Amino acid sequence: VLVVAMAGVSSWEPVADKIIKYKFEEAYIAFDQDFVENDSVFDRLDDMVHYLTFEKGLVSSVLTWETGKGLDDFLLSEASETETIKIKSYTKD
């Protein structure tokens, strides 16, 4: 498993290219949860899923959670002991 942090959602493309370059077949994507109300963040998440899945053929899985904006916030919260992370996977087929 490879975990990569991005410096902002607009840097998704170089990160996605590295995932392709190193021949990973699956990507788990955990953008900050403000993608729900922030169209710009949602659009970059959609761009990354579309590129990895529909252009490059990888399985892309988007992680979501209820507590905290970022995955780090969630993992450091007490809710992480009881709350479940949801995963939605996308495939080319």
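Colleague: What pattern does the protein chain follow when read along the sequence?

Modeller: In this predicted model, the order is α-β-α-β-α-β. That makes three helices and three strands in the protein chain.

Colleague: How do I read the radius of gyration of the protein chain against the globule rule?

Modeller: The idea is to compare the value with what the rule gives for the chain length. Here the radius of gyration is 13 Å, close to the 12 Å given for 93 residues, so the protein chain is as compact as a globular protein of that length. For the extent along the principal axes, the C-alpha trace spans about 35 × 25 × 25 Å.

Colleague: And what share of the contacts joins residues 24 or more positions apart?

Modeller: Taking contacts with a separation of 6 or more, 62% are between residues 24 or more positions apart.

Colleague: Now burial, please. Is alanine 16 buried or exposed?

Modeller: Buried means under 20% relative accessible area. Alanine 16 has 0% relative accessibility, so it counts as buried. Across the protein chain, 29% of the 93 residues count as buried.

Colleague: Where is alanine 16 placed, and which residues does it touch beyond four places in sequence?

Modeller: Alanine 16 lies in helix α1, residues 12-21. Leaving out residues up to four places away, its contacts are Met48, Tyr51 and Leu52.

Colleague: What about the surface and the charges?

Modeller: The accessible surface of the protein chain is about 6300 Å², with 51% belonging to carbon and sulfur atoms. There are 9 positive and 19 negative charges, and their mean positions lie 10 Å apart.

Notes. Residues are numbered from 1 along each chain as its sequence is written. This is a predicted model: local features need pLDDT of at least 70, side-chain atom pairs count only at pLDDT 80 or more; totals for chains, interfaces and linings use all residues. Side-chain values use heavy atoms; hydrogens and water are left out. Helices (H or I, at least four residues) and strands (E, at least two) are DSSP runs, numbered from the N terminus. The radius of gyration is taken over C-alpha atoms; the globule rule is 2.2 Å times the number of residues to the power 0.38. Buried means under 20% relative accessible area, exposed over 50%, partly exposed in between (1.4 Å probe, protein chains only). Contact means heavy atoms within 4.5 Å. Accessible areas come from the Shrake-Rupley method with a 1.4 Å probe; for residues, only the protein chains shown count as cover. Lys and Arg count as positive and Asp and Glu as negative; His and the chain ends are not counted. The place of a charge is taken as NZ of Lys, CZ of Arg, CG of Asp or CD of Glu.
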